[in-house]
Structure formats: C-alpha cells, structure tokens
Amino acid sequence: MSASMSEPGLRRLEPFRAIFRGYPAAAAGLVGVVICALIALLAPVLAPQNPFNQNELDIMNGLLPPMGEMMDGSVSLLGTDAVGRDILSAVMYGMRTSLLVAILSVSIGMVVGVVLGLVATMRGGWVDAIIMRAVDLTVSFPGVLLALMLLAVFGSGVDKVIFALAIGIWAQNARLVRAVGLSEMKKDYIAAARIGGISDLRIMFHFLLPNAISPVLVILPMAISGAIVAEATLSFLGVGVPITEPSLGLLISNGNDYLLSGRWWISVVPGLVLVLMVLSINVVADRLRDHANPYLQAKG
Amino acid sequence: MALLTITDLSIAYGLADGRELEAIKDFSLTLQRGQIVGIVGQSGAGKSTIGKAILGLLGENARISDGEILLGSENIARFSERQFGAIRGKRVGYIYQNPMTALNPVLSVGEQLIEAIEANTHRRGQAARDHAIALLTSAEVSHPEERLSKYPHQLSGGLCQRIVFAIAIAAQPDLIIADEPTTALDVTVQQAVLGTLKRLALQEQIAIILITHDMGVVSQMCDEVYVLSRGRLVEHGATARIIGAPRERYTRDLMAAIPSVDEKRPRFDVLDAFEETPGRRRGIDYLKSGIASDVGQTILLSVRDLSKTFKGEKRGEGFRALDQVSFEVIAGETFGIVGESGSGKSTIGRAILGLVEPDAGATISLAGRAIASGDRKGLSQRLQCIFQDPYSSLNPRMDAGTNIIYGIVAQGLVDRRSARVLAEDLLEVVGLPRAASRKMPHAFSGGERQRIGIARALAYRPELIFCDEPTSALDVTVQAEVLNLLKELQESLGLTLVFVSHDLAVVRQMCDRLIVMKAGQIVERGSAEQVLTEPGEPYTGQLLAAMPRVLRSAEPS
C-alpha cells in the first residue's frame, strides 16, 4: 500500500479513493459508471458487428434468441432483432448515443444556466428580474412536455434533442447559482474586489463563479442520469433521436411490438442496461453529494 | 464540600486520520457554592470545551481521556446521556454567547420562560406566569408583563440575554456556565448585563463559571481566575493577584495586550518580531515610492453633508442611516469614528468607498477633488479598506498571494511575474513568511488573514485606508499585534487611516482625532485625548463609563 501510494499519480487519486472507501454500493456504482463509459467510447472496437451498416445485416438472422447461432456460424450473445441486428452491438452503440446526448445537453444547460445565474446575481435589478422570470416560466412546464413541444416545432434529430433537454436544465442551474451567488455577494471579499477596481466581468468569473459553483457540480451527475432517462422517454415516444443513431430508449421502443410475442430480449436487454447505467450514476452521485455536503455547510 | 471539583481533566478529540488531539490536559478547578470564577484564554485555548464537558455536551468525536468532574459527590465525567439529562438546566445551567440564537425565534419569550418554569418547578398556569414576571423583574427587564408576549427578534440583544438569564435561573440551578455572555453585545449594555448576572448569582447563591477572553470582564466579575493556554492551565488564583501580579509570561502578555482607555501608549508590549529581511525592505520601498507622505495640515479627505436614507419596504418609508455628516481628515493622521452598532459609522465608510450611493447633496472630496463614484479603478489606488470579518474578506478560492495582487495585476499596475514577488514582499511587510503566499485562506488564523487583508490594501499604495473595526473579531493579544502593525506601517509610510470602532480603548490607542456618532449624527468631535478624558457630551460620557476597565489595583471586591 505505502509503496503504491508513493506513485505521484496514485497519490493524486487518494482523496478520490477516500470518498468511496467504506461505501461498497457507491464503489460498485463507480465501477459500473467506468464500464459504461468505456463501452460507449469503444463501441466500434468492442461490438461484434456494426449494427447500422446495412451490408453487415442479414434478415435471415432475424429474431434469434440469446445464444442463438447466426448464419455465419457465430453466436449472438443477446439475440437479434427483426432485421437481424445483434442486440449486444446495438446496445453498445445505443449507450454511446444515450451518453453523448445526456452529457452534451447537461453541459450546455449547465454553462448557459451558470452564466445567466451569475449575470442575474451581478447585475440585479431588471436584468435579474427578466432572467429569473424566464427561469420560473421554464420550470413551470413539465420537462418532457416542454421537450415534446420543442421537438414538435423544430423536428427531431440528435442536435434538437440535445437542445430540447438543455432548455430544461439551464433553469435549475441558473436558480441554484443565483441563490448561492447572492449570499456570496454580501461577503467582504466581493466588496474588497469592488474597492480594488476589479471589473464586474472578472468579479463574476474569478470571485463569484468559483465560490458559487460547488452545488452545481454536486447535482451534475444527477442531472446526467436525469437527461439519459429523459432522452430515453423522448425516443420511446418517437420524437427523439433518428433511427440511424438509435439510443437505448429507441431500442426499447423498437422491441416493444415483439414483447407480447415472446421476443422479450429486444426490449428487455436495452432496458436493463439503461436501468443499470442510471442506477450506477445515481449511486455515485449520491455518495459525491454526501461527501460534498459537510463542506457546503461549513462554508456558510 | 466544594460544589464542583475538577481534577486532572484531559479531553481528546479524535481526528479524521485516527490520531487524537489533546484539547485539554490536566485541568483542575475547585468551585464553592455562590462563587464566580473565570476561565480566560485566547480562542482555541479550550475554554468552551471545559464548559461543555461539565454539561456533557462534548461532540461525538471528543472523549474525556482522564480525570474526574465531581458535581457534589457524583463524578459526572462518566455520566451517560440520560444521567446528564437529569442535571442539565436543573442543576447546571448554560448561558450562550449569542442570545439571539439561544432563544427559539418562533416562540414568544413568555412561552419559553414559562416552559422552563413548568419543566423545573411545581408552578403551573397563573402561578408559573407570575413567577416568570418575578424572574424577569429580578433580571432587571423593564415592563416584564409586556415582554412576555414578545418574540426574540422584537427585543434588543441585551434584553434577550436578560431573558436567557431568567430562563437559566428558573430551575434554581447550583451552577451556571456562562460562555462569553456579553461578547455579542454592545459595550454600553455589556456593563449593565454583567451587573445583573453578578447580582442574580449573589442573590440566588448560584455559582458561575464565566468563560471569556476579556480581562476587563474578569476583573469586574470574578473572585478567582483560571488562565488557560492551548488546553493547559497556566496559572490560577484570586482575580486581584492574577491581574496585579501575574506570575507567568503568558498572563503578563495577555494583560499587556489589553488596550487602556485611560492612557495612550506608543505600542502594546507584546512579542511581535519583524525580521528586517531584504524582502521586507523591498516591500517597504515599494510602498514608500507610491504613497505620498506629505504629513502636514493638508486636508486629505473632506466629507460634507453626507446623508444616506435606506428605502423601506413601502413607498415613502425610509430609514435615515446618516444625517448631514461632515468632517475632514488631515493627511497622515488616524481619524476615529466611534459609536454603537447601528450608529451609521460603517455606512460612512461604505459611502466614501463607493459601495453605497449617498443621498443627493453630499460632497466627498479627496485632496480637493470630488470623488467620482464611476471611476472605480482610479479610486482604488487612492482609497482602500480593511474589513471587520477576516473570515469573509478574502476570496476563499485564491491563495494568499493572489488575493493580495489580483487587483493590481488586473489593472495592469504591475506585471504578473513581478507581482508574485511583490506579494511575498508585502507578506513580509505585514509580518507573515514568504511561503504564506501559496497557502489558501482557510489555512490561516483570523489574525493572519487580517494581515493578508492589510497587505492587499497596501498593494494599491493608497492615500487613505478605511479600517472598519479591523480587530473587533480578533482575540485581545492578536488585536494588539495587528494594531501594532498598523501603527508601525503608519509611522514608516505616513499612511492616513480612518479608524472605525465601537471600542473606545482601541480608539484611544490608535486615533489622533475622532468623531462620536449616534443614530446617524455626529454628537461630538475633537482630539482623541480631549474627547476621551473630558467628554463634552453626556452620551460620550456614558460610552466611556460603560467600558470595562481592568482594575489593576489589588483590592478584592
């Protein structure tokens, strides 16, 4: 232990390890998250076939059950769907799309929300009023309904789904940053910065932002798992990602018609993966939040 | 038999990494019925830990590792939580530092007092209510009947603390632990509140352990004193003996650090070594080259007809924080602004510094030119501020060095690389090591943070520094060090200081001239010497009379 700790890289990981030590569920969740991320990243390398290359698909392989033997003699581990697509491969690619959409929408929503929250805090007055009423308006719509409406107007597509989800996310971040920011604004170090002739822009990003960002970072993983589920819902409803880049939600939806005819694997396998992925992220997020909480309180 | 006997008490806190920190080591104390003893020491000395141990209120990570606490004949050091429940509030009462947080804000004070009476005596209903009024009367609360229906936020801090006293004596305890009972109060009420506490203790034959950092409070209240430093008992004895002839160096330093309102001394006689390093000399040279030190009769800052009205909730309703305030500050002097909390003294500073917009008609000019509040950058090199609360005045996400130089680098006054060296030089100027530059604010104590704040203000090489109660959050010895530093800097740099304080003794040590504020108006002005020795206004006289003085004459009360 002490020998491995002396490695500088490992030592840097030490505080991170301490967060999960003694929390087996959270540690298992962390393993799950890492595996999901690796699969999503390396799907083209890992997957037995490219499920969206028409040339690799053969209708003769259609609806094989798990462990079924394909025409070329290879075994399909988790079965195939109606057009002979290998479910394992489809799920690997589906995770890629699901995670991509979730991470991008949360990132965009977070950046926009944090910046607008900071501007509202810093400027106050009518700027604050306009931004915060926009927040109120946004959060008063159910998220999925809002996304449905936007997608109905703009049409579907990966970029549009990301945009629609980000709309739901910015508002909560803006509200959170403003709440913390307002209490920071009262502190003397902000007054000192003003007296020191430091511009509002610098105060915003070098004084306010680093001191108001922690709660946003704490809810970040939660937001990502939320976005994964929201995207799956939209795709299941048929307004999400296009059929050429199916996400887990779309895969579940595809298999829906076959559920009652005994071909359960087409829906259930992506469904289980979705559950495991979201569960892993949530367990890790929960632990991170608990870990961060004493600091948040102590800061007050 | 003694009421309370503590023998060789040691208390250890478990740290996150499994080690133990000894907060208290071999502490012993004997307390007789009706006696008042003081435990004094700097913050972090472990004073409150002892008080909490007697009540079984130590945190889960703390344990009594050795020794015993005998209350009567029972060793409460080994008590369970349930056993403590039987003595807390009933045999041992507790008075907190801040009465506003000690009282429940959603219950009227009457409900809280009557609850305490019903829980501890056989009085019920009207009898309890009558007793509540009697208790408030003996705690010297005026109009006790009306007060019963009031909520804590409707009453002043002093009144709230008196109500806390009444609740504490409702159970007729043998012992009350009073943890800094007047630190959160204004000086003018502090004296009266302490007087009430002492009278109650005598009248009810209640012993008091008074935990405080204030030697003035000790000399006024206590029969015996225990001086604590880093968890160890330094010395103890009769108050007059400790104050008149302290045996230990630590106690002597503690005494020397207490500012006197009756005489001005050039420096506090405490250990503070400034090593004359090349870095420090470089820092001083940098400051000297930028701060014009033409000490003379030139008026540096002139404030005319400064008023400030804060808007109320409703239209037309407003609160006049400042009313036609005019004064002038001469270059090179230390100008004092004195008053109780709420007198508007800090608002003057915020208006001068451009943090609040004064009402129309005010003129604030610096060296003859009116201050343009829009010109934040230009102003920053002429006016700076040292804040009251060292824990909120530094950006917690920047290291000490960056905190000091961020502003002057952002304005392009110095380039980034030489600024880093400058930050280290300035740290040496204020008496901190160069290496402090890389440490984050949370790694510093309050006094050290205050020094960093001073270095930040100095970095701009301002003509005038506004000091907003810079030491009121600090321990008396740390206060002495910081005040010495300010005096030293002023002498070597010819700085002009505006010094805001509620503490007349500090003002006496620091200021040349001063104004006394009350409810937004100046009630008296003049030289510090004259105002503080022969006050012309009754209000100033009241403030002076309320200052706790350390009775150095060795006569027991």
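Author: Before we start, one term: a residue is buried if 20 or more other C-beta atoms lie within 10 Å of its own. Keep in mind, too, that this is a predicted model.

Reader: Okay, so what percentage of chain A do buried residues make up?

Author: They make up 42% of the 300 residues in chain A. The chain itself has 12 helices and two strands. Reading from the N terminus, the order is α-α-α-β-β-α-α-α-α-α-α-α-α-α. Its C-alpha trace spans about 75 × 60 × 30 Å along the principal axes.

Reader: What makes B:H143 exposed?

Author: A residue is exposed if 12 or fewer other C-beta atoms lie within 10 Å. B:H143 has 9 such neighbours, so it counts as exposed. You'll find B:H143 in the loop between α5 (125–138) and α6 (144–147) of chain B.

Reader: And why is B:A367 called partly exposed?

Author: Partly exposed is what lies between the exposed cut-off of 12 or fewer and the buried cut-off of 20 or more. B:A367 has 15 other C-beta atoms within 10 Å, so partly exposed is its class. B:A367 sits in a loop of chain B, between β14 (363–366) and β15 (369–370).

Reader: What makes the phi of B:H143 worth pointing out?

Author: Most residues other than glycine have a negative phi. B:H143 is not a glycine, yet its phi is positive, about 45°. B:A367 is another non-glycine residue with a positive phi, near 50°.

Reader: How many residues are in the largest nonpolar core, and which have the most contacts inside it?

Author: The core has 240 residues, and those with the most contacts inside it include B:L113, B:I163, B:L426 and B:V498. Helix α4 (residues 87–123) of chain A gives the largest share, 17 residues. Chain B joins in as well: domain 1 (4–256) and domain 2 (278–546) each give at least three residues.

Reader: What is B:V498 in contact with, leaving aside its neighbours within four places in sequence?

Author: B:V498 is in contact with B:V329, B:F335, B:I337, B:L464, B:F466 and B:C467. For a contact, the C-beta atoms of the two residues must lie within 7 Å.

Reader: How do you know that domain 1 and domain 2 of chain B touch?

Author: By counting contacts: 10 residues of domain 1 of chain B are in contact with nine residues of domain 2 of chain B. On the domain 1 side, α8(B) brings the largest share, four residues. That side divides into two nonpolar, six polar and two charged residues. As for the C-alpha centres of the two domains, they lie 36 Å apart.

Reader: And how many residues of chain A are in contact with chain B?

Author: 15 residues of chain A are in contact with 22 residues of chain B. On the chain A side, α8(A) provides the largest share, seven residues. By class, that side has eight nonpolar, three polar and four charged residues.

Reader: Now the sheets. Why are β12 and β15 of chain B said to stand at the edges?

Author: Their open sheet has four strands in the order β12-β11-β14-β15 (chain B), with antiparallel pairing. β12 (318–330) and β15 of chain B each have a single partner strand, so one side of each is left without a neighbour in the sheet. That's what puts them at the edges.

Reader: How do you know that β11 and β12 of chain B pair?

Author: Pairing takes at least two bridges between the strands. Nine bridges join β11 (residues 299–311) of chain B to β12(B), and the two run antiparallel. Within β12(B), B:L322 stands opposite B:K308. Helix α13 (residues 345–352) of chain B packs on this sheet, touching β11, β12 and β14 of chain B.

Reader: What order do the strands take in the open sheet of six strands?

Author: The order is β16-β17-β18-β13-β19-β20 (chain B), and the pairing is mixed. β16 (383–386) and β20 (521–527) of chain B are the edge strands, each pairing on one side only. The twist averages 20° from one strand to the next.

Reader: And how many bridges join β16(B) to β17 of chain B?

Author: Four, set against the minimum of at least two for a pair. These strands run parallel. Here B:Q384 has B:I465 in β17(B) as its bridge partner. α13(B) packs on this sheet too, and its direction makes about 145° with that of β17(B).

Methods: Residues are numbered from 1 along each chain as its sequence is written. Chains are lettered from A and ligands numbered from 1 in the order in which they are written. This is a predicted model: local features need pLDDT of at least 70, side-chain atom pairs count only at pLDDT 80 or more; totals for chains, interfaces and linings use all residues. A nonpolar core is a set of buried Ala, Val, Leu, Ile, Met, Phe, Trp, Tyr and Cys residues joined through C-beta atoms within 7 Å. Domain bounds come from an automatic or database domain assignment. Ala, Val, Leu, Ile, Met, Phe, Trp, Tyr, Cys and Pro count as nonpolar, Asp, Glu, Lys and Arg as charged, and the others, Gly among them, as polar. Axes are lines fitted to C-alpha atoms, for helices over the stretch in contact, and angles run from 0 to 180 degrees between N-to-C directions.
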